[in-house]
Amino acid sequence: MVYRYELKKLLLSPLLLTLTLLCVLANLTFLLVEHDNAPSPRQTNRPEDVLAAQDASIFDGYSAASIAESYIRWYRLEGTNAEHVRAKYDALQPVIDRKAAADEKPQLHFSGQVSDVHVLLFGKLLKFFSQEVGLLALLTALLSAVYEQMRGTESIVYASRVGRQVQLTKLWVTLSASAVLSLMVIGCSLLIFFALFDFAIPWQADVSSVFDHALGETKPFITWNDLTVAEYLWASLGISMGLAWLCALIGFAAGTGFRSVYAAFGACVLLFTAFDLVARSSLLPVGSMLKSAWGLNPMWLWKNSGTWFTDGRAEMLWANFERLGLCAYSILFASAVWGAYHLLRRREIH
Amino acid sequence: MHLLRHELKKIWNWRVLALLAVLAALVWSLPLRESAAGYDSMRTHGGYGSYQRELFQRYGNTLEPEEWADYDVPGKIAAVQAETDALIAKSELFAKQGIHNYAQYLAFVDRDTSGLDDAELERFMKITQDMRDQLSLRYDGQTLDEFYASPQMRMMALKALASAYGNPDDEYRLQSFIQRDERPVVVQAAREILSRRNSSLIRVDLVESASMYAATVGVFSLVATLLLVTLPLSTDRTRQVHLMQYSSRTGRRILRIQGAAMLISSLIVSILSIALGAIPLLAEGAAEYRHASIQQCFSFFDMGLYDLTFGQYAMILCAMIMLLTVGTAAFVFILTRFSANLMTLLIKIVPLGLALSGIAVLTIYQAFSSNNLLFSAVLRGRIVMPEPLLCAIIAGAGLLGAWWVTCREKHVDVG
């Protein structure tokens with residue numbers, strides 16, 4: 001019963017609904033601008049843009065070590081850091097060999113316009129809506145966690161032992177509401193994308209070979225696991241949703257742990273700023289364990305959404321870093337929520 | 001005045017100031033410090049080594065074709081090459097690879113490595129690295145001055161300089177803008193540069209790096225204003241203090257005073273952000289460009305559009321930051337008036353902050369360059385100086401809205 005009422009409060013909040021609508025409108029504007037700037041089909045009738053796929057065994061004889069060496073040269077890595085990068089790409093070599101040998105999925109090679117649409121979907125749109133749903137989830141969680149304090153009903157609700165447990169119900173409600181709002185944003189954005197752009201790609205083809213290069217780079221698009229295009233899209237949406245829940249946990253931990261709404265908000269701003277700025281700076285050298293561990297944070301994961309399920313460039317030393325980061329930070333902030341909840345149960349409310 | 005002082009005191013809360021200090025430390029120690037360090041190219045280190053400073057001292061802010069010829073960069077390159085040849089001739093490492101001069105060394109490092117296997121590639125990389133170390137006279141404990149004085153670094157600096165200013169009388173790039181570019185303002189700028197017949201002696205990436213730095217300071221100033229001015233008025237309204245204040249005639253003026261306090265605070269925040277941001281830039285020598293014109297054709301893709309000195313350009317960037325910051329405070333004031341509590345206000349100001357930060361980057365980054373997104377992608381190069389214009393419109397709209405809110409408040413039913 002409490003769950004239903006709390007969920008209704010959040011999902012029917014005019015502010016959250018307006019924010020959801022704003023996110024969809026922002027994506028619509030972005031996609032319309034991209035559509036406007038895209039070359040017309042007549043202009044793309046060059047041989048390299050023809051959609052007909054060619055069989056291309058791009059992984060036959062491909063050496064992961066060459067990727068490692070190009071990063072080592074680019075970042076001027078030396079010593080242990082260079083060895084870390086080499087070790088990661090050594091681990092990627094069997095994956096490449098397996099992809100070269102596998103024949104159950106068609107290895108097709110596209111380039112030109114198809115590749116551009118791939119960059120638009122997985123490199124830009126995915127980044128935008130995963131950040132938007134993360135922000136929505138964070139604000140939903142803050143609103144839910146401080147709702148009683150905001151309305152001045154805290155002293156009534158928390159007067160009893162059962163009342164203090166409402167906060168736990170609010171957590172489940174926050175996660176549910178975040179999921180519903182995220183689905184609205186992601187669903188509408190994808191609908192607009194598929195209505196505007198012709199994503200004429202065989203969904204069952206291997207995503208590693210469908211596109212000729214990783215986003216913004218010259219190396220192939222290599223995923224650690226064998227994923228079809230459809231599986232890759234679903235998996236990326238799963239990570240976006242996971243990041244939204246992670247943000248909900250961060251917001252809920254801050255909202256429950258801090259007595260002041262403003263302190264909770266300030267702590268979130270500080271945390272995300274630190275995540276972003278430290279990851280961008282040269283404070284932590286590329287190839288170091290510290291840089292890689294820091295890069296597991298949600299800000300870096302959003303920034304590099306186009307590399308999910310792939311090698312993750314030289315900054316990332318571990319396979320499947322997006323799931324690793326999601327799990328590690330989810331455990332960390334779930335523990336923070338748990339700690340904040342137990343503090344609340346014992347807290348003196350004035 | 002008494003009320004204004006107390007409102008200002010409420011805004012400048014030490015807890016929020018502590019939060020801002022941590023944010024400022026993060027912003028300074030990470031993106032800004034690296035960006036500011038780039039300005040030392042006017043001195044000894046950086047892309048052009050000490051050569052550009054020498055050019056400045058000898059020829060002033062602009063470089064005429066005859067001055068460039070007088071500086072004789074090809075002669076200087078030949079001298080450094082002779083020095084490098086002598087170094088290579090004495091080295092066993094180079095001799096083992098059959099390299100006896102600089103030209104052979106260049107051919108060796110630029111060879112096609114695609115046919116090499118992993119072990120061969122690794123060996124090749126190690127040899128070229130050792131060669132580079134020898135040419136830069138590298139040893140443990142080498143100072144940065146010694147490194148930049150080495151033949152390898154002097155050669156790189158001279159080549160970078162030649163590529164930037166090598167053909168001051170080369171009209172080809174400008175003619176290509178005049179004939180092919182569809183943006184009227186860009187074509188006009190190309191004509192002006194062509195008619196002047198000289199190159200502004202400024203660093204190629206000066207506008208880009210200075211505007212990036214200013215955009216970072218601008219976004220920080222906006223965020224700091226949002227964090228600082230949001231709390232007091234919102235707290236008053238959450239606690240419904242305004243009902244008590246509104247019971248008197250003088251109390252009805254409180255919103256206007258609170259608004260003024262927010263605007264004054266935002267102005268102070270922007271001035272402080274600009275002043276603190278400017279100190280490291282000035283210390284790194286950015287002021288030495290102050291009389292140099294930013295109107296310059298940097299490449300086939302980038303052009304400084306207006307005949308402004310770098311000093312004037314920096315002042316306009318500062319004014320844009322101040323306008324956006326004041327506009328931010330005015331919008332926060334309006335949203336606060338229509339928010340029942342702090343949480344609902346926060347949900348409103350987060351998208352506002354993101355939108356205004358986006359506008360700050362859009363307008364300040366590469367302002368007055370042909371590559372500015374607002375100028376080029378949105379307005380297609382049709383409007384002169386749209387960047388400060390947009391900042392002024394935002395500030396004007398915010399101030400107008402705030403004024404309307406305070407006028408409306410006199411007669412509104414607060415029950």
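**Exercise 1. A bridge in the first helix of chain B**

With which residue does B:Lys10 form a salt bridge, and how far apart are the closest N and O atoms?

*Solution.* A note first: this is a predicted model.

Step 1. Find the partner. B:Lys10 pairs with B:Glu7. The closest N and O atoms are 3.2 Å apart.

Step 2. Place the pair. Both B:Lys10 and B:Glu7 sit in helix 1 (residues 2-11) of chain B. They are three residues apart, about one turn of the helix.

Step 3. Link spacing to direction. An α-helix has 3.6 residues a turn, so residues three or four places apart point the same way.

Step 4. Check exposure. B:Lys10 is partly exposed, at a relative accessible area of 34%. B:Glu7 is buried, at 7%.

**Exercise 2. Two more bridges in chain B**

Work out where the bridges of B:Arg58 and B:Arg183 lie and how exposed their residues are.

*Solution.*

Step 1. Take B:Arg58. Its salt-bridge partner is B:Glu54, with the closest N and O atoms 3.9 Å apart. The cut-off is 4 Å, so this pair counts.

Step 2. Look at the spacing. B:Arg58 and B:Glu54 are four residues apart in helix 3 (residues 51-59) of chain B, so about one helical turn separates them.

Step 3. Read the accessibilities. B:Arg58 is partly exposed at 45%. B:Glu54 is partly exposed at 30%.

Step 4. Turn to B:Arg183. Its salt bridge goes to B:Asp181, and the closest N and O atoms are 2.8 Å apart.

Step 5. Check burial. Buried means under 20% relative accessible area. B:Arg183 has 15%, so it is buried. B:Asp181 has 19% and therefore also counts as buried.

Step 6. Move to chain A. There, salt bridges with shared partners join A:Glu6, A:Lys9, A:Glu148 and A:Lys170 into one network.

Step 7. Give the total. Over all chains, the search finds 19 salt bridges.

**Exercise 3. The interface**

Describe the contact between chain A and chain B: its extent, its chemistry and the elements behind it.

*Solution.*

Step 1. Count residues. In chain A, 28 residues are in contact with 28 residues of chain B.

Step 2. Take the area. About 2600 Å² is buried between chain A and chain B. Carbon and sulfur atoms give 82% of that area.

Step 3. Name the main contributors. A:Leu15, A:Tyr262 and A:Leu277 supply 26% of the area that chain A buries against chain B. No other three residues supply more.

Step 4. Search for polar links. The rule finds zero salt bridges across this interface. It finds one residue pair in polar contact, with both residues at pLDDT 80 or more.

Step 5. Assign the helices. On the side of chain A that touches chain B, helix 2 (14-37), helix 3 (64-75), helix 5 (113-145) and helix 12 (261-280) of chain A each supply at least two residues. Helix 12 of chain A gives the largest share, ten residues.

Step 6. Sort by type. This side of chain A has 19 nonpolar, six polar and three charged residues.

**Exercise 4. One helix, one face**

Why do the buried residues of helix 7 of chain B line one face of the helix?

*Solution.*

Step 1. List them. In helix 7 (residues 102-109) of chain B, the buried residues include B:Tyr102, B:Tyr105 and B:Phe108.

Step 2. Look down the axis. The buried residues of this helix fall within an arc of 115 degrees, so they line one face.

Step 3. Inspect the N-terminal end. B:Asn101 caps helix 7 of chain B there. A side-chain oxygen of B:Asn101 lies 3.3 Å from the backbone nitrogen of B:Ala103.

**Exercise 5. A buried serine and two positive phi values**

Is B:Ser211 buried or exposed? Then locate the residues with positive phi.

*Solution.*

Step 1. Read the accessibility. B:Ser211 is at 0%, so it counts as buried. This serine belongs to helix 13 (residues 206-238) of chain B.

Step 2. Find its surroundings. Beyond neighbours within four places in sequence, B:Ser211 is in contact with B:Tyr313, B:Leu317, B:Ile364, B:Tyr365, B:Gln366 and B:Ala367.

Step 3. Take B:Phe368. It has a positive phi of about 65 degrees, although it is not a glycine. B:Phe368 lies in the loop between helix 17 (342-364) and helix 18 (373-378) of chain B. At 1% relative accessibility it is buried.

Step 4. Take A:Arg313. This residue, also not a glycine, has a positive phi of about 60 degrees. A:Arg313 lies in the loop between helix 14 (298-303) and helix 15 (321-346) of chain A.

Terms used
Residues are numbered from 1 along each chain as its sequence is written. Chains are lettered from A and ligands numbered from 1 in the order in which they are written. This is a predicted model: local features need pLDDT of at least 70, side-chain atom pairs count only at pLDDT 80 or more; totals for chains, interfaces and linings use all residues. Side-chain values use heavy atoms; hydrogens and water are left out. Contact means heavy atoms within 4.5 Å. Buried area is the accessible area (1.4 Å probe) that two parts lose on being put together, summed over both. A salt bridge is a side-chain nitrogen of Lys or Arg within 4 Å of a carboxyl oxygen of Asp or Glu. A polar contact is a pair of N or O atoms within 3.5 Å; within protein, one must be able to donate a hydrogen and the other to accept it, and residues adjacent in sequence count only if both atoms are side-chain atoms. Ala, Val, Leu, Ile, Met, Phe, Trp, Tyr, Cys and Pro count as nonpolar, Asp, Glu, Lys and Arg as charged, and the others, Gly among them, as polar. Buried means under 20% relative accessible area, exposed over 50%, partly exposed in between (1.4 Å probe, protein chains only). The arc is that of the directions from the helix axis to the C-beta atoms.
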